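Student: I have a protein model open and I'm not sure how to read it. Could you walk me through it?

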Amino acid sequence: MPTRHCAAPELASLLDGCSAGELIPEFARHGLQQLIELEVAAFLGADRHERTEERLGHRNGYRPRTLTTQVGDLALQIPKLRAGSFLPSILEPRRRVDQALYAVIMEAYIGGVSTRKVDALVAALGSQSGISKSQVSRICQDIDAQLQAFLSRPLESSSYAYVYLDATYLKGRLGKAQQVCSRAVVVAMGVNADGRRELLGIKVGDSESEVFWAEFVAHLKERGLAGVRLVISDAHAGLTKAIRRQLQGSVWQRCRVHFARNLLQCVPKAHQGMVTAALRSVFAQETTEEIASRWDDLATSLADRFPKAATLMNEAREDVLAFRHFPQPHWKKVWSTNLLERVNEEIKRRTRVVGIFPNDASITRLVGAVLLEQHEHWQLEGRRMFSAESMADIPDLDDIPTLQALSA
């Protein structure tokens, strides 16, 4: 059986002529090497040069292995065997970075730190060999399992009265030719029955087509999305068609910010300031009747000079003003996609350092990690977007004839 020996003389010799900065890595290397020697001795059933009937194999030299740790690069010697193979339990196949540095690298990557700066960070922690861009990508693949659980989790809330849908675009490579293309990244956010925000999911695709959006919403429904009363989004044709097809019985709120941009395109630049101020006055009213009346007055005033603008206002009236049928304390947060736009801005900030993603999976990995981080922050923060009492005041769509017409 393997014997135990005292390493005190060897360790004592390290104290001669070593500074503190040199001593700590050497102690770590020596300790890990001793653990490896003990493990291989137990694996073979005998120490080096020991004769015993319990021996199960023989050594055949060493192979070098560098392990990057928080105290620097440690040059280890891994025993080779004449028959079979041996890997110490303290190491993992094809991994030269210890778990602590793995966590640092993944957190830095998700935080929007470029791979070049990650390399500098690892070097600052003591690794002379640094870390390559491909190694950072391989390390961050460990995030996939956690993200898959988050993005495919059952939507357990009894209902999501409000659902926000929006898209942002990133650059990624596609196909065998690895051509750089614009990739649509769609995001869904919901407000559950307790008035708390949840990030529901993401999907990466070619464009915001009806089929693409429909598949995304259908997947959310398969995971348990239900009880949707109001869907807030811009007026992208593919998205609105998918909403009507997949979320029948809910009301569509056209984002007032996006509508304002569309309206100003129908007005000469010299008059855009006046129209913008007049449109803002519509949303400054405090009752549903005043909102509708001010909207109609503005549309009438634009009819003579800017007929296209007036026509757009008349056509979009019920979609842009859908929020007025819901509790008044909710208006400012449901009449636009601003809440989800802030999440998209964070996605843009985090992904800017990457520039061009190698594939869609890498986009999902980084964007999904950003969403997971934001989602957990909201849960830990504990704040409600709306009070539970005001959520209970959301009307049933069947009780309001106007909403029945909208959702038909």
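Tutor: Let's go through the overall make-up, then two helices, some strands and the core. This is a predicted model, where local features need pLDDT of at least 70, side-chain atom pairs count only at pLDDT 80 or more, and totals for chains, interfaces and linings use all residues. Residues are numbered from 1 along each chain as its sequence is written, and side-chain values use heavy atoms, with hydrogens and water left out.

Student: How many helices and strands does the protein have?

Tutor: There are 17 helices and eight strands. Helices (H or I, at least four residues) and strands (E, at least two) are DSSP runs, numbered from the N terminus.

Student: What share of the residues is buried?

Tutor: Of the 408 residues, 45% are buried. Buried means under 20% relative accessible area, exposed over 50%, and partly exposed in between, with a 1.4 Å probe and protein chains only.

Student: How do I read a helix?

Tutor: An α-helix has 3.6 residues a turn, so residues three or four places apart point the same way. Now take α14, residues 338–351: at 1.5 Å a residue, its 14 residues should span 20 Å, and its end C-alpha atoms are indeed 20 Å apart. The expected span is 1.5 Å times one less than the number of residues.

Student: Which residues of α14 are buried?

Tutor: They are L339, L340, V343, N344, I347, R350 and T351. These cover an arc of only 145 degrees around the axis, so they sit on the same side of α14. The arc is that of the directions from the helix axis to the C-beta atoms. On the face turned away from that buried side, α14 carries the exposed residues R342 and E345.

Student: What do the buried residues of α7 pack against?

Tutor: They pack against β3, β4, β5 and α8 (237–246). Those buried residues are F212, W213, A214, F216, V217 and L220. Right after α7 comes G224, with a positive phi near 120 degrees.

Student: And how do I read the strands?

Tutor: In a regular strand the side chains alternate between the two faces of the sheet. Here, β4 (residues 179–192) is mostly covered, with ten of its 14 residues buried. It runs antiparallel to β3 (residues 160–174), joined by 14 bridges, and antiparallel to β5 (residues 197–205), joined by eight. Two strands pair if DSSP finds at least two bridges between them. Look at V187 in β4: it is the bridge partner of D166, and V187 also stands opposite I202 in β5.

Student: Where are the turns with a positive phi?

Tutor: The hairpin of β3 and β4 has four residues between the strands, and G175 in its turn has a positive phi of about 75 degrees. The hairpin of β4 and β5 also has four residues between its strands, and there G195 takes a positive phi near 85 degrees.

Student: What about the core?

Tutor: In soluble globular proteins, nonpolar side chains tend to be buried together. A nonpolar core here is a set of buried Ala, Val, Leu, Ile, Met, Phe, Trp, Tyr and Cys residues joined through side-chain atoms within 4.5 Å. The largest one has 61 residues, and those touching the most other members are Y162, Y164, L199, F259, F283, W295 and L371. Helix α15 (residues 360–381) gives the most to this core, with eight residues.

Student: Which residues is L371 in contact with?

Tutor: Leaving aside neighbours within four places in sequence, L371 is in contact with F150, V187, L199, G201, I202, V343 and I347. Contact means heavy atoms within 4.5 Å.
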